[in-house]
Structure formats: C-alpha cells, structure tokens
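Hi there,

Here is the structure I promised to pass on to you. Have a look at it first, and then read my notes underneath.

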Amino acid sequence: MTVRDTIAKKLTDALHPESLSVVDESHLHEGHAGHRPGGQTHFRVHIVSRAFEGKSRVERHRMINALLADDLAGGVHALALKTQAPGE
C-alpha cells in the first residue's frame, strides 16, 4: 500500500468523507527539503466531511494531523489541507 493509499484509508475510516482527494505532489518538490527519491513525501488533501461541521479550520487540521500523526512523524514531509463541511 502506498503512503497515498494509507492516508486515504485513515481519513475515510475515521471521517467518512462525502468526497476525498489525496494527491502525491512529491514530484513538484524535487531538490527541496524532505524530498526523497521515489516520492511519497508531499501531499495535497481536499476533504469534505460532516465531521467538520461547527469546527474551525484549525480544529479541522488538528483532527487530520492527529489521525496522520504516525505518517507525519515518519516519511511525510508536507501535507497541504483543504477541509470543508458539506455545503461550504
């Protein structure tokens, strides 16, 4: 399972999103800090979930960071997040 797949599975299992996009953008960061050959270091996530209703952007990001703590402590160097509740 790729890092991208692991991220998608963790977010899906915990947040039951209405929509989820996890894009590996590692190729855009070649030569920058945290990049490794083979990629899987830099990701962009767009997620829409009812779990975010009534929560601030900071609270939403903290939720995701907590879910992905092991990945962020390991090989994931950067995670760009766009978090929305349905209808936003």
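Below is what I found, starting with the core and ending with one polar residue.

A quick word on the basis: this is a predicted model, where local features need pLDDT of at least 70, side-chain atom pairs count only at pLDDT 80 or more, and totals for chains, interfaces and linings use all residues. Residues are numbered from 1 along each chain as its sequence is written, and side-chain values use heavy atoms, leaving out hydrogens and water.

The largest nonpolar core (buried Ala, Val, Leu, Ile, Met, Phe, Trp, Tyr and Cys residues joined through side-chain atoms within 4.5 Å) has 14 residues, and those touching the most other members are Ile 7, Leu 11, Val 45, Ile 47 and Ile 64. Helix H1 (3-15) and strand E2 (42-48) each supply at least two of its residues; helices (H or I, at least four residues) and strands (E, at least two) are DSSP runs, numbered from the N terminus. H1 gives the largest share, 4 residues.

Val 45 sits in strand E2. Its relative accessibility is 1%, so Val 45 counts as buried (under 20% relative accessible area; exposed is over 50%, partly exposed in between, with a 1.4 Å probe and protein chains only). Among the residues in contact with Val 45 are Ile 7, Leu 11 and Leu 79, where contact means heavy atoms within 4.5 Å.

Gln 84 belongs to strand E3 (residues 78-84). Gln 84 is buried too, because its relative accessibility is 15%. Its contacts include His 46, Phe 52 and Arg 60.

Happy exploring!

Methods:
Lists of a residue's contacts leave out its neighbours within four places in sequence.
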